[in-house]
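User: I am new to this structure and would like a close look at a single part of it. Please take one residue and its surroundings, and then place that part within the chain.

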Amino acid sequence: MANRFHNYIGGEWVAGADWAPNRNPSDLQDVIGEYAQADAAQANAAIAAASAAFRQWSVSSVQDRSSILDKAGSDILARREEIGRLLAREEGKTLPEAIGETVRAGHIFKFFAGEALRLSGEKLPSVRPGVDVEITREPLGVVGLITPWNFPIAIPAWKIAPALAFGNTVVFKPAQWTPGCAFALAEILAAAGLPPGVFNLVAGSGSVVGEAIVSHPSVAGISFTGSVATGRAIARKAIDRMARIQLEMGSKNPLVVLDDADVGTAVNVAVQGAYYSTGQRCTASSRLIVTGGIHDRFVAALTEKLRTLRVDNALAPGTEIGPVVEQPQLDQDLDYIGQREGARLVAGGERLDRATEGYYLSPALFVDATNDMRISREEIFGPVACVIRADGYDDALTLANDTDTGLSAGIVTTSLKHASHFKRHAEAGMVMVNLPTAGVDYHVPFGGRKGSSYGPREQGRYAAEFYTTVKTAYVAP
């Protein structure tokens with residue numbers, strides 16, 4: 001029988017109302033464990049525990065908060081190999097990528113251990129003589145954190161760490177497909193010395209646990225990362241009761257390749273941005289917008305490179321692309337690949353057999369795409385990219401911006417003029433020059449424009465904008 005993992009509510013490990021298996025997408029016979037599934041009553045109990053703990057935690061010593069977060073970060077880093085292997089097993093990232101994500105999570109906790117000590121305010125003179133004005137930040141309250149399956153430890157870390165650093169209490173719902181890292185993180189936080197109720201983990205479905213978190217009047221803020229449709233539904237419910245929201249949703253990110261680009265650099269940037277992590281990243285560059293003078297050389301070189309990539313078990317040495325995370329996601333990928341709308345498939349897009357049964361898919365590349373096709377407009381979230389031919393830089397920029405979303409955008413060029421113009425005029429929250437669109441640091445703001453994001457930025461010192469509320473106090477003698 002597989003090991004069972006319990007929810008963490010009010011400082012206690014609590015059996016779920018039901019259980020769900022967590023399977024390895026590289027090897028469907030490998031059951032990692034059975035993970036608790038909370039019902040609405042358990043979600044409400046977690047919210048009640050967080051509400052009760054908020055009074056003391058919100059005024060706790062910043063040194064205590066810093067020390068707890070620093071210990072959690074150190075423990076994550078010490079267990080990087082173990083947690084990285086767990087991540088690779090449950091999500092399908094290659095082992096090096098999974099270990100790298102785990103290290104990033106450890107660094108995030110250590111960064112916010114420092115931020116707990118650096119929360120600043122202002123003291124200003126009033127326009128009235130003898131009166132001082134003090135501007136401070138206070139914790140928001142109970143925050144509900146809902147995270148996706150594609151970064152099962154990094155994204156929880158960049159939500160949980162600032163929430164705790166600034167004095168909030170947490171109710172955390174991880175993704176159903178990748179619960180293992182969330183439960184490992186809960187164990188680490190419990191061992192780090194958090195008082196009961198400050199952090200609570202309730203796994204389960206969005207329709208039950210997520211709905212309870214979003215609708216509960218005691219939850220002051222909701223930070224969500226996931227699909228556009230779900231994010232918009234959360235926004236409507238949260239705004240109806242005036243809860244604060246932070247939404248990070250999907251995108252259809254462009255990578256522009258200009259005639260003056262180095263072909264080798266462009267191919268490397270495209271492969272890393274579009275296909276690594278099996279393309280399962282909201283920052284993936286799935287639209288490759290290429291100007292005419294380099295188009296054919298770029299397509300030929302990229303096609304050849306894709307044929308050499310090793311798609312295999314995420315734990316196998318030398319694997320460059322692991323499996324798709326789950327059967328529904330694989331079905332979605334294949335559905336998009338099958339609806340070509342006049343584009344030509346020049347590489348990949350096929351189910352693959354490997355030594356172990358898994359959700360293996362060869363990286364797919366379409367050419368002759370136009371910006372009005374489904375594969376050019378809708379987020380596929382798999383190892384699928386399309387090439388769109390552009391008539392010079394101005395046309396490429398227009399195509400890049402012709403989307404309802406705007407998380408990340410990239411350009412490959414040796415022209416300082418075009419790079420500078422693109423940085424200013426790309427309608428995205430993050431811009432990469434001669435770098436993959438899917439690669440960001442933990443100490444700087446993360447977020448997009450248009451339909452990709454709503455609310456304050458995540459990560460870095462900008463995280464305080466969501467997890468704190470500003471108070472202005474007037475003081476007279």
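Analyst: The part chosen here is Phe 381, which is buried because its relative accessible area is 15% and the cut-off for buried is under 20%. The model is a predicted one. Phe 381 sits in the loop that runs between α12 and β17, the strand of residues 384-390. Its backbone is worth a look, since Phe 381 is not a glycine and yet has a positive phi, about 65 degrees. As a rule, most residues other than glycine have a negative phi.

The helix on one side of this loop is α12, which covers residues 374-377 and contains Ser 376. Ser 376 has a relative accessibility of 2% and so counts as buried. Its side chain reaches the backbone oxygen of Thr 370, at 2.7 Å. Apart from neighbours within four places in sequence, the residues in contact with Ser 376 are Lys 252, Arg 287, Ala 369, Thr 370, Asn 371, Cys 386 and Ile 388. Thr 370 therefore appears twice, as the residue whose backbone oxygen the side chain of Ser 376 reaches and as one of the contacts of Ser 376. Cys 386 and Ile 388 belong to that contact list, and their numbers fall within β17, residues 384-390. Arg 287 is also in the list, and its number falls within β14, residues 287-291.

Strand β14 leads to another residue with a positive phi. Thr 278 is placed in the loop between α9, residues 263-274, and β14. Thr 278 has a phi of about 60 degrees, again positive in a residue that is not a glycine. Thr 278 is buried as well, because its relative accessible area is 2%.

Another buried loop residue is Thr 147, whose relative accessible area is 6%. The loop that holds Thr 147 lies between β8, residues 142-146, and α5, residues 154-165. With neighbours within four places in sequence set aside, Thr 147 is in contact with Ile 155, Pro 156, Lys 159, Phe 172, Lys 173, Pro 174, Ala 175 and Thr 225.

For contrast, Glu 304 counts as partly exposed, because its relative accessibility is 46%. Glu 304 is part of helix α10, residues 292-308. The C-alpha atoms of Glu 304 and Ala 347 are 8.6 Å apart, while the two residues are separated by 43 residues along the chain.

Helices also pack against each other. Helix α3, residues 80-91, and helix α6, residues 180-192, have their axes 9 Å apart and at an angle of about 155 degrees. This angle makes α3 roughly antiparallel to α6. On the side of α3 the contact is made by Ile 83, Leu 86, Leu 87 and Glu 90, and on the side of α6 by Gly 180, Cys 181, Ala 184 and Ile 188. Sorted by class, this contact has six nonpolar residues, one polar and one charged.

As for the whole chain, it has 15 helices and 23 strands. Of its 477 residues, 57% are buried, and Phe 381 is one of the buried residues. Among contacts between residues at least 6 apart in sequence, 72% join residues at least 24 apart. The C-alpha atoms fill a box of roughly 75 × 70 × 40 Å along the principal axes. The radius of gyration is 23 Å, which agrees with the value near 23 Å that a compact globule of 477 residues would have.

Technical notes:
Residues numbered from 1 in each chain as written. Predicted model: local features only at pLDDT ≥ 70, side-chain atom pairs only at ≥ 80, totals over all residues. Heavy atoms only, no water. Axes fitted to C-alpha atoms, helices over the stretch in contact; angles between N-to-C directions. Helix = DSSP H or I, 4+ residues; strand = E, 2+ residues; numbered from the N terminus. Parallel < 35°, antiparallel > 145°, perpendicular 65-115°, else oblique. Contact = heavy atoms within 4.5 Å. Nonpolar A, V, L, I, M, F, W, Y, C, P; charged D, E, K, R; others polar. Buried < 20%, exposed > 50% of the residue type's maximum accessible area, 1.4 Å probe, protein only. Polar contact = N/O pair within 3.5 Å; in protein donor to acceptor, adjacent residues only side chain to side chain. Rg over C-alpha atoms; globule rule 2.2 N^0.38 Å.
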